[in-house]
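Open your viewer and get the selection box ready. We will walk from one chain to the place where two chains meet, then finish in a pair of loops.

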Amino acid sequence: MSQVLLIESDRLIANNLIEVLQKAGFEVNWQVDPQAALDIADSGPPGVIVIDLVLAGRGGIEFLYEFRSYPDWRDIPVVVFSSLSVEELKEVIWGFEHLNVIEYHYKPNTTLADLARTISRILQPASA
Amino acid sequence: MRKKTVAADSAKMSPMQALLAALSDDLALPLLQIKSALELLGEDGFNKKTTRSSAEQMLLSAENGLQLVEAYKLTLRINRSVETLAFEPVAVGAVLQDVAHQLTPYAKKYATDLQVDVSGKLTPVLTHQPSLHIAIQILSASLIRAQAAQVQQKRYRLLLGARRGSGSVISTGVYSSIEGLSDKTLRSARSLTGQAHQPLPSLPPGAASGVLIADMLCSSMWQPLRAAAHNGMHGLATAIPVSKQLRFV
């Protein structure tokens with residue numbers, strides 16, 4: 001079972017993030033395509049989802065609404081890690097609570113270590 | 001979601017303002033790549049193995065951001081006056097080879113194999129070489145990112161192709177192994193400046209302004225980008241007229 005399901009469209013940012021999370025003791029399954037992420041979750045629910053909101057083909061918010069529509073996945077925590085600012089998200093940010101978004105990290109103001117700490121709070125590292 | 005917002009906002013913006021908005025979004029990507037690479041270096045205590053790989057990645061990201069800025073500046077210059085540009089005989093195939101050579105390290109980071117295919121012996125065209133070079137360069141870089149963001153594969157292919165088109169034109173462009181990527185990307189990019197009738201929510205992150213600038217450059221210099229196929233791959237191409245004099249060269 002993957003502990004962290006990472007949905008991030010940029011390969012270089014994903015690779016850097018995966019390295020930091022793996023060093024922190026997490027298993028990471030990275031997907032660029034939200035549909036593929038649903039299939040992965042279907043084969044074994046992740047401990048936490050880390051998602052960017054700007055994705056090719058299908059938006060992150062649309063993905064989250066579909067994800068939450070399945071009763072089995074309603075309680076899986078979600079962390080948003082996005083380059084969209086609060087100002088840009090103002091039309092949808094009210095829905096974060098409903099979508100069980102535990103934390104929102106704005107990429108320009110967040111370090112990879114900050115994100116790893118958030119995930120640590122949510123999950124115990126696999127090696128612990 | 002963002003695309004809808006930007007597309008809606010674009011109704012209030014001039015094409016140049018819309019381009020700047022897209023450019024600022026796309027310039028954020030290489031900066032975020034550099035930022036995360038530096039953070040990774042710090043996490044590793046700057047050990048030698050990680051430093052080399054992160055430094056290489058940061059260099060490629062910085063170059064990519066600078067190419068976007070260069071392309072934007074050239075677009076502005078062309079919009080002011082095409083007459084100031086120095087036209088010369090240009091071998092399209094040589095430009096494609098140059099771009100492929102320059103972008104190969106960047107493509108490798110995105111698990112992409114770059115190939116060049118020039119069908120037949122093509123007559124040189126009389127044009128502004130830097131415009132053609134940078135249009136193909138930023139279009140290629142945008143499609144490298146776009147196809148890797150679209151679907152997860154072990155390897156991707158991107159083809160830089162040229163061939164004689166119907167009439168006295170050379171059709172040249174960039175072609176992806178991902179089906180349906182190119183025309184969606186072009187329509188989405190154009191939707192940012194309100195030029196498309198049906199904005200599509202399929203614009204891959206980091207690709208908008210590159211495609212848009214390449215389209216503007218091609219429109220000003222030759223013909224706008226259009227969806228095209230080459231060797232069974234689909235992509236975006238422009239058509240460059242062959243001058244009558246050069247046909248005898």
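**First stop: chain A**

Select chain A and colour by secondary structure: you should find 4 helices and 5 strands, these being DSSP runs numbered from the N terminus, with H or I of at least four residues for helices and E of at least two for strands. Follow the ribbon from the N terminus and the order reads β-α-β-α-β-α-β-β-α.

A word on what you are viewing: this is a predicted model, in which local features need pLDDT of at least 70 and side-chain atom pairs count only at pLDDT 80 or more, while totals for chains, interfaces and linings use all residues. Residues are numbered from 1 along each chain as its sequence is written, chains are lettered from A and ligands numbered from 1 in the order in which they are written, and side-chain values use heavy atoms, leaving out hydrogens and water.

Now turn chain A around. Its C-alpha trace spans about 40 × 35 × 25 Å along the principal axes. The radius of gyration of chain A is 13 Å, which agrees with the value near 14 Å for a compact globule of 128 residues (taken over C-alpha atoms; the rule is 2.2 Å times the number of residues to the power 0.38). Buried residues make up 59% of the chain, where buried means under 20% relative accessible area, exposed over 50% and partly exposed in between (1.4 Å probe, protein chains only).

**Second stop: where the chains meet**

Show chain B next, and select the residues in contact with the other chain (heavy atoms within 4.5 Å). You will have 31 residues of chain B and 31 of chain A. Together the chains bury about 2,600 Å², 58% of it on carbon and sulfur atoms; this is accessible area (1.4 Å probe) lost on being put together, summed over both parts.

Which helices of chain B should you highlight here? Try α1 (2–10), α2 (15–43), α3 (48–80) and α5 (129–150), each supplying at least two residues of the side that touches chain A. The largest share, 9 residues, comes from α2(B).

**Last stop: two asparagines**

Select Asn100(A), in the loop between β4 (78–82) and β5 (101–106) of chain A. Its phi is near 55°, a positive value in a residue other than glycine. Asn100(A) is partly exposed, at 23% relative accessible area.

Then jump to Asn231(B), in the loop between β6 (226–230) and β7 (233–241) of chain B. Here too phi is positive, about 50°. Is Asn231(B) buried or exposed? At 54% relative accessibility, Asn231(B) counts as exposed.

Terms used. Buried area is the accessible area (1.4 Å probe) that two parts lose on being put together, summed over both.
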